[in-house]
Amino acid sequence: HRMGKAAGGKGGKGKGSGKGRRGTTSARARVKKLTQEIVQFAKRRRLEDAKRVFKQIVGEGLTPGQLTYSCLINAHVASGDMVGAEQVFQDMRSAGVAPNIVICNTLLKGYCAAGETSRAATLMGDMAEQDMKPDTNTVNAYLRGCLRAGEVADAHAVFTKMTEDWSAEPDFFTYKRVAQILSRGLRLEAVKGIRKELLRIRKSNNSTGLLAALAWLRLHMGISAALLGEWATSRRALERVEATGAAAAVAPGVHLFRHAEQESTDRAQHEFHHQTFQGEMERLRAFLDSRQVLSGDAGDEQNPAPDLLGPFCRSFVFCSQAGAVVRAQDGDGLESKPAGELATELVRSLMGTFGLDVYVERRALTVESMEHRLRRRLQNERLCWQRLFKPKRALKSHDAAPAELPLKMEICSGHGEWVIAQAKAEAGTANWAALELRRDRLHCIFSRMVFEAVGNLCLLGGDAAQILPRYIMPGSVDHIFVNFPEPPQTHMLRGAESSLHLLTKDFFRHMHRVLRSGGRITLLSDSYKYARLLARTIAALQGEAAMFESVPGLKGKGKTTDDFEDVGGLRLYHGVPGKKAGHVASSVSYFDRLWDTGERYFLVVSKL
């Protein structure tokens, strides 16, 4: 919205017109200055401060334009306040300021971050109807949301519309993300079609971005083909990836390091992504080698496909719908009002996210049989660990269950390196659950579980703040681990806000409820300020009722028993937790590499 010309007539040089021009220029400069303050508060997730500055602009009689409204919407999005972002969007239109594609992309990014991809898709449709066709940035933001939410069919549909209806050009991020999504949905033929298109384009455009996209596509295609037992396809994909090397996937000319719409070419970040690609490549090679695919000792026809039935029956991808009926809680009672037939929803999620429909068709199974299998692992529409990890023979015969093993759970499992290592180390002595919000990361754990034949691990996909109170039996978990939880904002600056923050007082109450008496929570962080904040959060609960107590006598690796400090009556240990704190196997996780600051702090509390 452009401010009008000053009064005084065209080209007038009188005193009045000069004053008008000076006043207009001054007003514009003032709006610009205050808008920059909103930008800085948005970066720090200080939403209330951003809103206060916007009110100041209006209160001074100034006119906010597209840029100011865009920055305020971004402040709401950064803090996870989509209701507020939508309200600002409506206020902007009521004020006669038309949205532009930057504003729409910001709103869409917020929907995707909140897992509301259906609303993002609706917004894209509205944009197209209003002659504001989605561009490459729009599609890439939407695909990023689909990747996190596991929306395979929707991602493929938008990728098709991108070139056919919207005349937008796919770039590196487009190809990389759609290949990841389709591969994780076991849509192997669709991925092969995109590879064919990339190879055609390469004849006239041999850019580093195109070569990087091909490298990522082949890697994910190789993993997908291995899961389906298409050994020749997987072997060829691995050979081509190894021939080009991990360096091609993270070439300096390709911006791989966007986070919250920012780019970094920092050498450490480049090395991090190089190691990630190299690690996935080596993981695929190890699995193919274990199946004698690379040596040729077992022919492709005689080498059976991996049995995915067990892993699928231990994978529960929950729908996080705002309209779902929350269970009625009465102490530790199990009275509930289920939000639909849970087993049906779980099977539908696995079909739309992990390619269960493809597997069912290839194995001549039925959807109904899969619903029956998952239903047998539930009790009152909650997960029953004893049934879930019960041997297949005992499930069929209804024999008495074996002695129940401890159940340990990692929340925010990331790509699963840590929880896989723990489960393998405790095979036969404990069962494990990996809980992860993002579907792309959950699929990484799924493929690791298959490749490394980990049978004492189950996967839980969805919002932990919903899963614990709705789907986990009270008093059924022995130990909960949260490694490198995300703070309310990255630098722990005072005044930061985020509705997406997990470890709140309410969430500690949820953890307390699902723990057995004497059950433990181990929290590990690389942020000293955040670790102290978590200790104070737990300590504040003690004023309501005695819920937790600190576990004494521990020490970090390489530290002494004196390397701790008291925070609100709880011990904050310095260093990396060891076996006594529940970390039975050493493992370098995705977040260990990402936040390699050298500083580690941990808390261990037990339920009273």
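**A few notes on this fold**

1. Let's start with the whole chain. Of the contacts in the chain with a separation of 6 or more, 73% are accounted for by residues 24 or more positions apart. Please keep in mind as you read that this is a predicted model. The secondary structure comes to 26 helices and 12 strands, and buried residues make up 51% of the 608 residues in the chain.

2. Next, a helix pair that is easy to find on screen. Helix H6 (residues 117-129) and helix H7 (residues 136-149) pack with their axes 10 Å apart, at an angle of about 160°. An angle over 145 degrees counts as roughly antiparallel, and H6 and H7 are therefore roughly antiparallel to each other. The crossing in which H6 passes H7 is left-handed.

3. What meets what between these two helices? On the H6 side you will find Thr 117, Ala 120, Ala 121, Met 124 and Met 127, and they meet Thr 138, Tyr 142, Gly 145, Cys 146 and Ala 149 in H7. By character, the residues of the contact of H6 with H7 divide into 7 nonpolar, 3 polar and no charged.

4. Cys 146 deserves its own look. Cys 146 is found in helix H7 and is one of the residues that meet H6. Is Cys 146 buried or exposed? Its relative accessibility is 0%, so Cys 146 counts as buried, the cut-off for buried being under 20%. Leaving aside neighbours within four places in sequence, Cys 146 is in contact with Thr 117, Glu 151, Asp 154, Ala 155 and Ile 181. Gly 115 is 31 residues from Cys 146 in sequence, and the two are 8.3 Å apart in space, C-alpha to C-alpha.

5. A second helix pair to view is H10 (residues 188-202) with H11 (residues 208-228), whose axes are 10 Å apart and which pack at an angle of about 155°. That angle makes H10 roughly antiparallel to H11. Here, too, the crossing is described by its hand: H10 passes H11 in a left-handed crossing.

6. The residue list for this second pair is worth having at hand. From H10, Leu 188, Val 191, Lys 192, Ile 194, Arg 195, Leu 198, Leu 199, Ile 201 and Arg 202 take part, meeting Leu 210, Leu 211, Ala 213, Leu 214, Leu 217, Arg 218, Met 221, Ser 224, Ala 225 and Leu 228 in H11. The residues of the contact of H10 with H11 divide into 14 nonpolar, 1 polar and 4 charged.

7. Now to a loop residue. Val 293 lies in the loop between helix H14 (267-290) and helix H15 (309-313). With a relative accessible area of 3%, Val 293 is buried. Not counting residues up to four places away in sequence, Val 293 touches Trp 231, Arg 235, Leu 288 and Asn 303. Val 293 and Arg 235 are 58 residues apart along the chain, with their C-alpha atoms separated by 7.2 Å.

8. Finally, a strand. In strand E5 (residues 431-436), 6 of the 6 residues are buried, so E5 is largely enclosed by the rest of the structure. Asn 431, Ala 433 and Leu 435 point one way from E5, while Trp 432, Ala 434 and Glu 436 point the other way, and all are buried. Which strand pairs with E5 in the parallel sense? Strand E4 (residues 407-411) does, over 5 bridges. Within that pairing, Ile 411 has Leu 435 in E5 as its bridge partner, and Leu 435 is one of the buried residues just named.

Notes:
Residues numbered from 1 in each chain as written. Predicted model: local features only at pLDDT ≥ 70, side-chain atom pairs only at ≥ 80, totals over all residues. Heavy atoms only, no water. Axes fitted to C-alpha atoms, helices over the stretch in contact; angles between N-to-C directions. Helix = DSSP H or I, 4+ residues; strand = E, 2+ residues; numbered from the N terminus. Parallel < 35°, antiparallel > 145°, perpendicular 65-115°, else oblique. Left-handed = near helix turned anticlockwise from the far one by under 90°. Contact = heavy atoms within 4.5 Å. Nonpolar A, V, L, I, M, F, W, Y, C, P; charged D, E, K, R; others polar. Buried < 20%, exposed > 50% of the residue type's maximum accessible area, 1.4 Å probe, protein only. Pairing = 2+ DSSP bridges.
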